[in-house]
Amino acid sequence: MNIAIIYYSATGTNHQMAKWAAEAAKSEGNHEVRFKRVRETAPKEAIASNEDWKKHHQETQDVEVAELDDLDWADAIIFSIPTRYGNLPSQLQAFFDTTGGLWSQGKLVNKVVSGMTSAQNPHGGQETTLLSLYKSMYHWGAIVAAPGYTSQELYKTGGNPYGFSSNGGVDNLDEQSKNSITHQVVRTIKLAECIKNGMD
Ligand SMILES: Cc1cc2nc3c(=O)[nH]c(=O)nc-3n(C[C@H](O)[C@H](O)[C@H](O)COP(=O)(O)O)c2cc1C
């Protein structure tokens, strides 16, 4: 199984969430895992105006940027992105806006996908952000593997059935967050295996 973990993070929260997702995917079985960041498209001045953003941007320069080939290659994709007023970050939207070629060739069909997100506030738009992500997934013909309420772990981290979500930044992530993310990733991979084997 080919698993792509694709994240965007300005200040480190979704980077940490994605790292735990990659860890879970690697420990789940004999899978190939790609850990990729979404290309930064914000102007340099915007990044420089925020110390945390600037620092994280510099620290993650060596993380490979997600390319169309990663989407084509993957059987399962875990996205991790912060909210932007209840929507996707424009950086991920810009990446999605380049997928028309893959889409028209049917190459995004039956990818099993799942999303995670963060906001500053406990009710800052996490659910709408994941729904925004999933809207594009439905257009791809992808299979959305939301966690629902399939584990007790989810109740300990806010119980967002659309996908793991956090608030308050990277310092608010803890062992329970990691457990919840692990559950979501393992479930996504298991569903992807069923889809892949069932389609062969
Ligand atoms: C332009 C912009 C819009 C944002 N909108 C919201 C929002 O509507 N609600 C909220 O709680 N946080 C909002 N945030 C805060 C971010 O979602 C939060 O800092 C992010 O989840 C941190 O993730 P990261 O560390 O991976 O970048 C916004 C941040 C920016 C820069």
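# Report on a predicted protein model

In an unreviewed entry, UniProt lists residues 3-186 as "domain: Flavodoxin-like". The structure described here is a predicted model. Over residues 3-186 the chain is 43% helix and 17% strand, and the C-alpha atoms at the two ends of this stretch are 11 Å apart.

## Overall form

The protein contains nine helices and six strands. Along the principal axes, its C-alpha atoms fill a box of roughly 50 × 40 × 30 Å. The radius of gyration is 16 Å, which agrees with the value near 16 Å that a compact globule of 200 residues would have. Of the 200 residues, 39% count as buried. Contacts also link distant parts of the sequence: among those between residues at least 6 apart, 79% join residues at least 24 apart.

## The nonpolar core

In soluble globular proteins, nonpolar side chains tend to be buried together. In this model, the largest nonpolar core has 44 residues. Those with the most contacts inside this core are Ile3, Ile5, Ile6, Ala21, Ala25, Ile77 and Ile181. The elements that give two or more residues to the core include strand S1 (2-7), strand S2 (32-37), strand S3 (76-82) and helix H9 (175-199). Helix H1 provides the largest share, seven residues.

Alanine 25 illustrates how such contacts bring together separate parts of the chain. Leaving aside residues up to four places away in sequence, alanine 25 touches Ile3, Ile5, His31, Val33, Val185 and Ile189.

## The surroundings of the ligand

Of the 19 residues around the ligand, Ser9, Thr13, Pro82, Ala119 and Gly124 come nearest. By class, this shell has five nonpolar, 13 polar and one charged residues. Helix H1 (13-28) and strand S4 (112-119) each supply at least two residues of the shell. Helix H1 is thus named twice in this report, as it also gives seven residues to the largest nonpolar core.

## Individual residues

Four residues are set side by side below, each with its count of other C-beta atoms within 10 Å.

| Residue | C-beta atoms within 10 Å | Class |
|---|---|---|
| Glutamate 28 | 18 | partly exposed |
| Asparagine 110 | 16 | partly exposed |
| Lysine 156 | 14 | partly exposed |
| Tyrosine 85 | 9 | exposed |

Glutamate 28 has its place in helix H1. Not counting residues up to four places away in sequence, glutamate 28 touches Val186 and Ile189. The C-alpha atoms of glutamate 28 and arginine 84 are separated by 32 Å, and these two residues are 56 residues apart along the chain.

Lysine 156 is in the loop between helix H8 (152-155) and strand S6 (165-167). With the same exclusion of residues up to four places away in sequence, lysine 156 touches Gln176 and Ser180. Lysine 156 and serine 180 are 24 residues apart along the chain, and their C-alpha atoms are separated by 8.1 Å.

Two further residues have a backbone angle worth recording. Tyrosine 85 has a positive phi of about 55° although it is not a glycine, and this residue lies in the loop between S3 and H5. Asparagine 110, likewise not a glycine, has a positive phi of about 65°. Asparagine 110 is found in the loop between helix H6 (100-104) and S4.

Why does tyrosine 85 count as exposed? A residue is exposed if 12 or fewer other C-beta atoms lie within 10 Å of its own, and tyrosine 85 has 9 such neighbours.

Methods: Residues numbered from 1 in each chain as written. Predicted model: local features only at pLDDT ≥ 70, side-chain atom pairs only at ≥ 80, totals over all residues. UniProt positions renumbered as here; feature names shortened; annotations may be inferred. Helix = DSSP H or I, 4+ residues; strand = E, 2+ residues; numbered from the N terminus. Near = placed C-beta within 6 Å. Nonpolar A, V, L, I, M, F, W, Y, C, P; charged D, E, K, R; others polar. Core = buried A, V, L, I, M, F, W, Y, C linked by C-beta atoms within 7 Å. Buried ≥ 20, exposed ≤ 12 C-beta atoms within 10 Å, placed from the backbone. Contact = placed C-beta atoms within 7 Å. Rg over C-alpha atoms; globule rule 2.2 N^0.38 Å.
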